[in-house]
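Work through the exercises below with the model open. Try each task before reading its solution.

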Amino acid sequence: MKYLKQNTLKLSIACLVLVAGIFAIQTTNASRGVGSNEGNVRTYTDDRGEWTETPTSLNFTSDTMQWELAPTSFTYNDGVHSWEETPNTITYKGPAGSWEQTPTTQSFSDGEKSMNETPTTRSYTGNDEDLLETPNTREYEDEEGSYEAPID
Amino acid sequence: MKKIVLIIFIIIVVVFAFVLMTNSQDSVKDAINDIAGSDTRVFSKTCINEFNELYAVNKADLTQCSSAIRAGSFAGTEPTPKENNVVLIFDASGSMAGKVGDERKIDMAKKAVEDFVAQLSGTNIQVSVVVYGHKGDNTDANKKASCAGIEELYTFGSADGAKMERTLKSFEPTGWTPIADALEKAYAILKPYNTDTYNNSIVLISDGIETCDGDPVAVVQSMEERGLSVTANVIGFDVDDEAAEQLNAIAENGNGSYFSAASQSELDFALQKQIDFMKKFDYRMQRVSENLQDINSATELHFGCVKAIEVERAKILLDIYADERVTKECAEQVDAMYSEKYEEVQQSLWNSFNAMVKDFKQKS
């Protein structure tokens with residue numbers, strides 16, 4: 001105790017240094033980019049890309065990817081896959097092909113095969129086959145021959 | 001002694017400081033775990049509270065992400081085609097007694113039909129055999145009786161090879177060629193089967209033209225007008241140009257195909273094609289259409305999750321850095337963990353999506 005009393009000041013300083021050191025470790029590299037909020041626009045940019053929010057949109061842009069969310073749409077593109085979503089249409093494009101859907105139609109294409117479907121017509125081309133279906137007929141053709149038939 | 005006391009004191013101070021600066025990270029872990037997995041990092045109590053406030057406001061609905069990540073493959077569809085009904089109209093007129101090579105045409109045709117029906121055994125294809133020309137003879141005196149002699153010798157039903165063999169042995173070629181009335185008979189057999197559920201087709205095998213004063217082209221033309229779509233396919237067996245022209249007209253007006261056969265193998269091929277094309281069309285079209293619906297739905301689910309995660313991260317980062325709603329040290333900690341988890345989830349999502357698309361390509 002006698003020792004402690006004699007060195008109170010030294011011990012206190014040592015403790016402060018230790019605690020400060022721990023805080024310093026916790027706060028190292030506190031921020032990785034630049035953010036701002038001006039008016040109705042918020043942005044943040046760092047080495048990953050740039051985020052921007054306006055009253056009507058939210059988007060992200062980087063060297064490899066962009067996406068945007070608007071009140072009625074979402075678009076996405078990462079250089080390999082792209083996606084677009086609107087109230088009436090959703091479209092995907094990627095290395096495997098592209099496909100699209102609306103409330104009444106759908107289609108697909110990959111360069112070798114394709115399919116289109118509407119409320120009244122369906123057609124398919126691929127695998128050495130051609131198919132067509134209309135309100136009045138069905139047609140099929142492959143390397144072995146062709147076939148045609150009526151439908152109601 | 002004094003050194004020991006100093007060391008003990010320092011240890012006590014360090015432990016005390018550490019306890020003050022850290023606390024349970026459960027609430028942050030719970031929040032982050034909603035995105036992906038557990039994390040062993042330790043956050044200050046202040047940071048936990050700050051982040052929980054942000055997370056409560058910006059948390060996206062990620063329920064669909066579980067399904068998107070688990071998808072991982074594309075089952076594809078195996079459609080059930082429409083049932084097929086086939087009425088075979090068999091020409092047993094006198095001319096079928098003629099020969100191609102060393103064999104009678106009637107015997108070659110019977111063999112082709114027998115083989116054809118054998119292949120239909122066990123399928124959902126219903127078959128009937130209507131025979132004409134096997135009654136009376138080909139004299140003018142017996143023309144009326146012969147032309148009226150149209151019979152369904154194999155009653156409409158599933159294909160039975162043994163029964164068909166007996167049927168084919170029960171008649172011989174003798175008389176006239178009432179194609180128009182035979183087509184009417186076939187139509188009457190198919191009439192109960194609506195085309196929403198069934199593919200109805202007629203296969204006419206003939207070696208000659210109508211000789212009973214009927215109009216077979218008019219008959220097939222009228223079928224749809226009378227309420228039932230029927231495909232009339234025609235096989236012209238060893239026919240001359242005149243017969244080929246009329247038989248082709250029947251097929252054309254019956255929305256069917258005309259096949260010319262001059263040998264056993266050509267006859268076999270022509271018969272087989274009738275069914276092959278029907279089955280192929282239904283199977284391929286239905287399969288492609290349903291697969292496309294499925295991949296569209298799966299893609300929508302996938303990008304719905306991508307969107308939710310991206311938007312959630314964007315809003316949290318903007319709150320953290322643009323609005324400075326948490327302390328810098330907390331921002332850095334949360335951002336680091338959040339980004340790491342974000343990458344994990346995105347990677348899982350894309351692995352699942354890419355595997356699914358690969359399957360879709362193979363199955364479509």
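**Exercise 1. Confidence in chain A**

Task: Find how many contacts the model has beyond four places in sequence for residues 23–31 of chain A.

Solution. Over residues 23–31 of chain A, pLDDT (the predictor's confidence in each residue, from 0 to 100) stays under 50. The model has 10 contacts beyond four places in sequence for this stretch. A contact means two residues whose C-beta atoms, placed from the backbone, lie within 7 Å. Now take the whole chain: chain A averages a pLDDT of 83, and 75% of the residues score at least 70.

This is a predicted model: local features need pLDDT of at least 70, side-chain atom pairs count only at pLDDT 80 or more, and totals for chains, interfaces and linings use all residues. Residues are numbered from 1 along each chain as its sequence is written, while chains are lettered from A and ligands numbered from 1 in the order in which they are written.

**Exercise 2. Two hairpins in chain A**

Task: Which residue is the bridge partner of Tyr76(A) in β7(A)?

Solution. Start with the elements. Helices (H or I, at least four residues) and strands (E, at least two) are DSSP runs, numbered from the N terminus. Two strands pair if DSSP finds at least two bridges between them.

- β6 (residues 73–77) and β7 (residues 82–85) of chain A pair antiparallel over four bridges.
- The partner of Tyr76(A) is Trp83(A).
- Four residues separate β6(A) from β7(A) in a hairpin, and Gly79(A) in the turn has a positive phi of about 90°.
- β7(A) also joins β8 (residues 90–94) of chain A, antiparallel, through four bridges.
- Here Glu84(A) stands opposite Thr91(A).
- β7(A) and β8(A) make a hairpin too, with four residues between them.

**Exercise 3. The sheet of chain B**

Task: In what order do the six strands of the open sheet in chain B lie?

Solution. The order is β5-β4-β1-β6-β7-β8 (chain B), with mixed pairing. The edges are β5 and β8 (258–261) of chain B, each pairing on one side only. Neighbouring strands are turned by 15° against each other on average, direction ignored. Next, take one pair: β1(B) and β4(B) run parallel, joined by seven bridges. Within it, Ile89(B) has Val130(B) as its bridge partner. Then add a helix: α5 (residues 105–120) of chain B packs on the sheet and touches β1, β4, β6 and β7 of chain B. The direction of α5(B) makes about 170° with that of β1(B). Such axes are lines fitted to C-alpha atoms, for helices over the stretch in contact, and angles run from 0 to 180 degrees between N-to-C directions.

**Exercise 4. Helix α8 of chain B**

Task: How many of the 12 residues of α8(B) are buried?

Solution. A residue is buried if 20 or more other C-beta atoms lie within 10 Å of its own, exposed if 12 or fewer, and partly exposed in between; C-beta atoms are placed from the backbone. Nine of the 12 residues in α8(B) are buried, among them Leu183(B) and Tyr187(B). Their cover includes β1 (83–91), β5 (151–158) and α9 (216–225) of chain B. α8(B) lies across β1, β4, β5 and β6 of chain B, at about 155° to β1(B).

**Exercise 5. Buried or exposed?**

Task: Is Asn127(A) buried or exposed?

Solution. Asn127(A) sits in the loop between β12 (122–126) and β13 (129–133) of chain A. Asn127(A) is exposed because it has 12 other C-beta atoms within 10 Å. Its phi is positive, about 50°, although Asn127(A) is not a glycine. Compare Asn233(B), in strand β7 (residues 231–237) of chain B: this residue is buried, with 27 other C-beta atoms within 10 Å.
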